[in-house]
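Student: I would like to take a close look at a single part of this model, and to have one connected account of it.

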Amino acid sequence: MHPIRLFAYTAMATVLVLRSLAASAEVPATASSWLESAVFYEIYPQSFRDSNGDGIGDLRGVIGKLPYLHDLGVTGLWLNPCFESPFRDAGYDVSDFYKVAPRYGTNEDLRNLFAEARKLGMHVMLDLVAGHTSDQHPWFRESQRHERNRYTDWYIWTNSVWTWSAPNQQVVVGAAERDANYIPNFFYFQPALNYGYAQPDPKAPWQQPVDAPGPQAVRAELKNIMRFWFDLGASGFRVDMAGSLVKNDPDGRATAALWHEFRAWMDREYPDRALVSEWSSPQVAIPNGFHMDFLLPFNKPGYASLFRKTAPDANPFFDRSGRGDIRKFLDEFEPLYAATKRQGFIAIPTGNHDTVPRIGDGRSGRDLAVAHAFLLTMPGVPFIYYGDEIGQRSTEGLPSKEGGFGRTGARTPMQWDDSRNAGFSTAPADRLYLPVPAAEDRPSVAAQRDVPDSALNTVRALIALRHAHPALGASGDFTTIMAEAGKLPFVYERTKGGERILVALNPSAQPCEARLPAEVNAASLRALAGETAAFRREAQGWMVNLPPVSYAVVKVE
Ligand code: GLC
Ligand code: CA
């Protein structure tokens, strides 16, 4: 080749290489890079911190508490819906998806929250109520009208008001000017958005297929909503009732296909944002696009058997009686984990705004420490419900607030200190969103801050431990070492790269001792957290010995 042409080619190639380097430098990290070490914290905005004394928590209140959350080690926040709403289901009845509810502040406040959180290395997720709106939403008001309009097919309407029932579905009868009845998604005032039917009934032509214009318009709007908040700085969404979108979709396949499409779109345009589903079927949700899926007590009895003294039985594993059985959890968890471990994360929450009792109910600081040691050393992404880090308890017997019913007791204000209203608000006590329990028997952040082994400081130390050890990160491998019904301790291993960590748990009021199986095969074990002398070496192998209600985390060296 002529030397000048060769030079030109080389120069051009260099430019191309430089350009592609510049381009790759601009490509944002993917969600998995920050999810790997993420610890989330759920904030029920009504009850976290009231900055203006009107008795209701707000966004500026959350911003003011970011240093607390940062200090705790939390790296992700999930905010329950903070959008305009008549609040008949605590905001899960949205009347404007593009506007922050005035009681919480403004869109600008939310933008500030994103920015301030980001400065502290925290990601904020919003709650996407994808399946329904409030019956006060302007789209639904239009959809109720007799005249055809843009929103006529945005909700699911029967062919006439005389169609009083539909198989496997509720129908709200006679509520509109329109000669039709609508399908609600949850409470009656939450009409289901129309994502179509996977298998429309030929005898009920009002059931539209997924590709009909109405369902397609709703799908496009959902994407607009997501884009709007992504562009303002949201790091992702917790998707409410994520499996509920397409109707008559028995195996969830059509709903999954929708999320699959959304994930492909996010991977192209917003690869650093993440989705966590309220589906509680990780084997469906994760392969189809969710970065994470929650385990929830409603359909996961194994998860419920960890902490809940109520259903499905009275002996949770994390209980002093020692009568619980960790196999109930593992028999459910292990196959779900195996099916999803290279694709996404199972999120095991301490609790949430729908679950009573709270993890703190009936548990001492020591009991809680063992439970938190488990939650914060498991694979996947942990979620802490506000107040669970101090063992805040639920309040029994409260009248329903904003559609809370039995859930209301787990939604009371965060207990910050011993001042008026536990430091939640300066409003008169009778104007609070929900009452604060009497001072004598309530845990608080202030009271625990300087007590070295308080629940709060234990959680902080366990989060720091998680951050410091790759094996404890979301994708570190999980292997059960010892887990037998009626026997303690429960021992498991986490590994990543060359790092190996063992966790041993004894929630019972009795001490326990066991010989570790030969395959553990460690030269030495270095204590990282909990009991420091739990493991001892004998001629035949390692013994683990745990006092009542204790745990140990050790590194294999
Ligand atoms: C989800 C929410 C719950 C809400 C319901 C309807 O389950 O977690 O609080 O009432 O969906 O949106
Ligand atoms: Ca307020």
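Which residues lie nearest the centre of the largest cavity, and how many residues line it?

Tutor: Bearing in mind that the model is predicted, the largest cavity is lined by 13 residues, and those nearest its centre are Y337, K341, G344, F345 and A474. The volume of this cavity is about 90 Å³, and the count of cavities of 30 Å³ or more comes to 3. Two elements, α11 (326-340) and β9 (345-347), give two or more residues to the lining of the largest cavity, and the largest share, 3 residues, comes from α11.

Helix α5 can be examined in a similar way. At 1.5 Å a residue, its 13 residues (107-119) should span 18 Å, and the end C-alpha atoms are 19 Å apart, which agrees. Within α5, the residues D109, L110, L113, F114 and A117 are buried; seen down the helix axis they fall within an arc of 145 degrees, so they line one face of α5. What covers these buried residues includes the helices α3 (59-64), α4 (66-72) and α7 (213-232), together with the strands β2 (76-79), β4 (96-100) and β5 (123-128). After α5 comes G121, whose phi is positive, near 75 degrees.

As for the calcium ion (ligand 2), its coordination comes from D50 (OD), N52 (OD1), D54 (OD), I56 (O) and D58 (OD), at 2.3 to 2.4 Å, and in sequence these donor residues are spaced D-x1-N-x1-D-x1-I-x1-D. Among them, N52 is exposed, with a relative accessible area of 52%, whereas D58 is buried, with a relative accessible area of 3%.

How values were computed
Residues are numbered from 1 along each chain as its sequence is written. Chains are lettered from A and ligands numbered from 1 in the order in which they are written. This is a predicted model: local features need pLDDT of at least 70, side-chain atom pairs count only at pLDDT 80 or more; totals for chains, interfaces and linings use all residues. Side-chain values use heavy atoms; hydrogens and water are left out. Helices (H or I, at least four residues) and strands (E, at least two) are DSSP runs, numbered from the N terminus. The expected span of a helix is 1.5 Å times one less than its number of residues. Buried means under 20% relative accessible area, exposed over 50%, partly exposed in between (1.4 Å probe, protein chains only). The arc is that of the directions from the helix axis to the C-beta atoms. Contact means heavy atoms within 4.5 Å. Donors are N, O and S atoms within 2.8 Å of the metal (3.2 Å for Na, K and Ca); water is not among the atoms, so sites may look incomplete. On a 1 Å grid over the protein atoms alone, a cavity is a set of points where a 1.4 Å probe fits but cannot get out, and a pocket is an open set with protein on both sides within 12 Å along at least five of seven lines; lining residues have an atom within 4 Å of a point. Grid points are joined across faces, edges and corners, and a volume is the space filled by probe spheres set on the points.
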